[in-house]
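Trainee: I would be grateful for a close look at a single part of this model, namely the packing of two helices against each other. Please then place that part among the strands and loops around it.

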Amino acid sequence: GRTSRYVFVSVEKHPLAADDLVRAHAAGPLPDLAARLVERWPPLTTGLHTLSFEAGRVELLLGLGDARALLRELVLQADALYLDGFAPQRNPDLWDEWLLKSLSRLSVPGTTAATWSIHRPMRRALTSLGFETGLAPGFASKPEMTVARFAPRHTPQRPAGREPLAPGAKRAVIVGAGLAGAACALALSRAGLACTVIDALPGPAQASSGNPAGLFHGTVNPDDGPHARFNRAAALATQALLDELGVPHQQGLLRLETRLAPAQMQQAPGYVQPLSAAEASARAGAALGHPAWFYPGGGAVDPAVYAQAMLGASGATLRPDSAVAGLREVAGGWQLLDAGGQPIDDAALVVLAGGHDQLPLLNGCSDLAADLVVQRGQLTHLAKAPWQPGLPVAGDGYVIADGHGGAWCGATAQDGDADPALREADQADNLQRYARLAGLGEPPRAPLAGRVAWRLVAPDRLPLIGGLAAPGPQAAQLRLQPRRPGLLVCTAFGSRGITWAALAGRLVATMALGAPRPLEAELLDAVDPLRFALRRQRRAGG
Ligand SMILES: Cc1cc2nc3c(=O)[nH]c(=O)nc-3n(C[C@H](O)[C@H](O)[C@H](O)COP(=O)(O)OP(=O)(O)OC[C@H]3O[C@@H](n4cnc5c(N)ncnc54)[C@H](O)[C@@H]3O)c2cc1C
């Protein structure tokens, strides 16, 4: 049917490079499909990659890395498993009980398993894990193959914190028509839900996401910890979605490297390229003074245009000029209330994606706001810029050419500052940054111009994406923490809303419906809205 979706999950330690993929399919029977696969083929970085086809109805979730580590990190319930590792005798790691146990963890009663192999120890292990195992006619030269069905004597308890929050929902209401809300609307509508997006303002993307331009990019970090992995996964999702939706953007970006010498700059394959100061300067058209990372998949975009493109593609109904002042739990969902306590709307699934303006609403249903900071930021517009970089450049601050002889540069950051007016002092700071990046002795002079907006920032500089705690005692692990049904938050996008929105929306949709999560379990925990409460509890408990 229209809403049926198909997710194919594949784990691969030695993925083909794009060129090899082209060669492998050159004489294949499906040239059109192969070309589309090649078109979406990601940089071969460790972790999960979502390749989206047919407007999101078909997805390839590609896990690059060691199966033994990755299978443990997958959060999904499989309908069918297929083991296609090389010979068990030569490759025992892919067939042993430990690995098969990771697969059984992804199974529900009725999940099928199949493999070309009839290796006896493997079949015994499947049986001991609760699979009914048999033999069937094999393919090609194999007379027999193994088929199995998960029929455990005791159905294993699923972690409460990973349960779908609105499994049967047909409709969602999303609070906030900025980048966060637009991305949620797109992902949820692609999952088959009818979406309404409510905003207090007269149109979409008029608060923080109304900035005229901004950067998107991952980050590189030698230890490749949660921040680097989340930012990279998110930036890859953004790049793919901008291309898919045809959103105009500047492709490619330079980030200056001020700590490492060029010889120390190790590249992640296909993802970033280290450039010497001379090479970077040539691309940027200015004397940059530092080596830089070239991010082929990063760039700059007008966030409002991007948000509107997501909303347009979602087909969501936009309900402007409607401030949501409260929520009330009702049978089968939530009611959204106006300031007078009158219902505005109701739905089985409500997503709170309202950025910093939403804090009062968040306060009404959680204690999350206590951990968040609202930060004022001012961007500067130089109508006539002495330097318009050939591609966006980020370092201490950033510069983006505006395409009309000018440039945007920024940005300032002041916590807890509610002043909406442009300030000369902030503009002077931005022009100083511009001058330093451009290698100019003196900052340029320019009339006061730009935009002020606010960032909602979590203390660990990661977003809040997930469910709120159900009443009752707090669990000792996020994955075990029961959540309030039908309610998700998607917020605290800090200074990375453009980079994070696409992945965040997808996370919200998969958490609501119980679909395969596009991120590893460790990263789901890293963005869990309840992480601060858990850390507090741990500190209190010693
Ligand atoms: C100066 C500056 C520069 C930045 N540069 C970059 C950059 O280069 N790259 C990047 O990725 N990010 C950048 N950011 C951050 C980025 O702008 C934000 O992360 C992003 O816009 C946040 O999107 P959002 O949808 O969460 O919030 P918003 O865009 O603020 O949208 C929230 C919406 O929810 C609505 N709303 C809130 N509460 C309610 C309610 N109760 N009822 C109804 N509606 C409600 C609001 O009206 C608003 O329209 C920058 C931010 C600033 C301030």
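Mentor: The contact to examine joins two helices of this predicted model. On the side of α6, the participating residues are Leu179, Ala183, Cys184, Ala187 and Leu188. They meet Gly497, Ile498, Ala501, Ala502, Gly505, Arg506, Val508, Ala509 and Ala512, which belong to α12. Sorted by class, the contact of α6 with α12 contains eleven nonpolar residues, two polar residues and one charged residue.

The geometry of the pair comes next. Two packed helices are described by the angle between their axes and the distance between the axes. Helix α6 covers residues 179-190 and helix α12 covers residues 497-513; their axes come within 8 Å and cross at roughly 40 degrees. Because of that angle, α6 is oblique to α12. The crossing in which α6 passes α12 is right-handed.

Helix α12 also contains Thr499. With a relative accessible area of 1%, Thr499 falls under the 20% cut-off and is therefore buried. Apart from neighbours within four places in sequence, the contacts of Thr499 are Leu215, Phe216, His217, Asn231, Ala234, Ala235 and Thr238. Strand β10 spans 214-216 and helix α7 spans 226-245, and the loop between these two elements holds Pro222. Pro222 has a relative accessibility of 79%, so this residue counts as exposed, whereas Thr499 is buried. The C-alpha atom of Pro222 is separated by 8.0 Å from that of Gln266, a residue 44 places away along the chain.

The strands may now be added to this picture. Strands of a sheet pair through backbone hydrogen bonds, either parallel or antiparallel. One open sheet is built from six strands in the order β14-β9-β8-β18-β26-β25, and its pairing is mixed. The edges of this sheet are β14 (317-319) and β25 (464-469); each has a single partner strand, so one side of each is left without a neighbour in the sheet. From one strand to the next, the twist averages 25 degrees. Within this order, strand β8 (residues 171-175) pairs with strand β18 (residues 349-352) in the parallel sense, over four bridges. Ile174 is placed opposite Val351 of β18.

A further group of strands consists of β15, β16 and β17. Strand β15 (residues 326-330) runs antiparallel to β16 and is joined to it by five bridges. Arg328 has Gln335 of β16 as its bridge partner. Two residues lie between β15 and β16 in their hairpin, and Gly332 in the turn has a positive phi of about 75 degrees. Strand β16 (residues 333-337) is in turn joined by four bridges to strand β17 (residues 343-347), again in an antiparallel arrangement. Here Trp334 has Ala347 of β17 as its bridge partner, and Gln335 stands opposite Asp346 of β17. Gln335 thus takes part in two pairings, with Arg328 and with Asp346. The hairpin of β16 and β17 has five residues between the strands, and Gly341 there takes a positive phi near 80 degrees. As for burial, five of the five residues of β16 are buried, so this strand is largely enclosed by the rest of the structure.

Another open sheet has four strands in the order β4-β5-β7-β6, also with mixed pairing. Its edges are β4 (78-83) and β6 (131-137), each with a single partner strand, so one side of each lacks a neighbour in the sheet. The twist of this sheet averages 20 degrees from one strand to the next. Strand β6 and strand β7 (residues 144-150) run antiparallel and are joined by seven bridges; Ala136 stands opposite Met145 of β7. Helix α5 (residues 120-128) packs on this sheet, where it touches β5 (107-115), β6 and β7. The direction of α5 makes about 140 degrees with that of β6.

To return to the part requested, α6 and α12 are an oblique pair with a right-handed crossing, and Thr499 of α12 is in contact with residues including Leu215 and Thr238.

Note on methods
Residues numbered from 1 in each chain as written. Predicted model: local features only at pLDDT ≥ 70, side-chain atom pairs only at ≥ 80, totals over all residues. Heavy atoms only, no water. Axes fitted to C-alpha atoms, helices over the stretch in contact; angles between N-to-C directions. Parallel < 35°, antiparallel > 145°, perpendicular 65-115°, else oblique. Left-handed = near helix turned anticlockwise from the far one by under 90°. Contact = heavy atoms within 4.5 Å. Nonpolar A, V, L, I, M, F, W, Y, C, P; charged D, E, K, R; others polar. Pairing = 2+ DSSP bridges. Buried < 20%, exposed > 50% of the residue type's maximum accessible area, 1.4 Å probe, protein only.
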